[in-house]
Amino acid sequence: MEDRTIIIKVNQLELKIKIDSSQLADLVWERLPIEASANLWGDEIYFETDLDNQANELQQSVELGDVAFWPPGQAICLFYGQTPMSTPDEIRPASPVAVFGKLLDDPKLLKMVKLGQSLYLIKE
């Protein structure tokens, strides 16, 4: 399968996300473009979608730059640092998530995003 890249745009900021070949990634890819409003939870941006995926590969912790789906909120999450649930050595989402992608650019650039800003996810 070919590499698939999503561009996330917030104002002048543009970051690339490489997505994997999972069913979840396929679902996200098919729904693009997605426009949403940014919510913040520590150093995590999340935004609601209309995706309904009961992913079975859920993780309790994630890595810096991971892009994941959070089933309870039907939300896509971008992790660029510690969340309120994190410990010093790991980044923890509010509850388990399904990771389906990774930011190719510096995740810390997401610190510029403010609550309520519009996000756009498009195919590269």
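Two strands count as paired if DSSP finds at least two bridges between them, and in this predicted model Glu-35 stands opposite Tyr-120 in β9. Local features need pLDDT of at least 70 and side-chain atom pairs count only at pLDDT 80 or more, whereas totals for chains, interfaces and linings use all residues. Residues are numbered from 1 along each chain as its sequence is written, and side-chain values use heavy atoms, with hydrogens and water left out.

**Sheet**
- Nine strands (DSSP E runs of at least two residues, numbered from the N terminus) form an open, antiparallel sheet in the order β3-β9-β1-β2-β8-β6-β7-β5-β4.
- Because β3 and β4 (39-40) stand at the edges with a single partner strand each, one side of each is left without a neighbour in the sheet.
- Strand β9 (residues 118-123) pairs in the antiparallel sense with β1 (residues 4-10) over four bridges, where Ile-7 has Ile-122 as its bridge partner, and β9 also pairs with β3 (residues 34-37) over four antiparallel bridges.
- Along β3, Ile-34 and Ala-36 point to one face and are buried (under 20% relative accessible area, 1.4 Å probe, protein chains only), while Glu-35 and Ser-37 point to the other face and are not buried.

**Core**
- The largest nonpolar core (buried Ala, Val, Leu, Ile, Met, Phe, Trp, Tyr and Cys residues joined through side-chain atoms within 4.5 Å) has 31 residues, and those with the most contacts inside it are Ile-45, Phe-47, Ile-76, Phe-100 and Leu-110.
- Its largest share, five residues, comes from helix α1 (residues 23-31), helices being DSSP H or I runs of at least four residues.
- Apart from this core lies another, of six residues, among them Val-62, Ala-68, Phe-79 and Val-97.
- Beyond its neighbours within four places in sequence, Phe-47 is in contact (heavy atoms within 4.5 Å) with residues including Ile-34, Ala-36, Ile-76, Leu-119 and Leu-121.

How values were computed:
Buried < 20%, exposed > 50% of the residue type's maximum accessible area, 1.4 Å probe, protein only.
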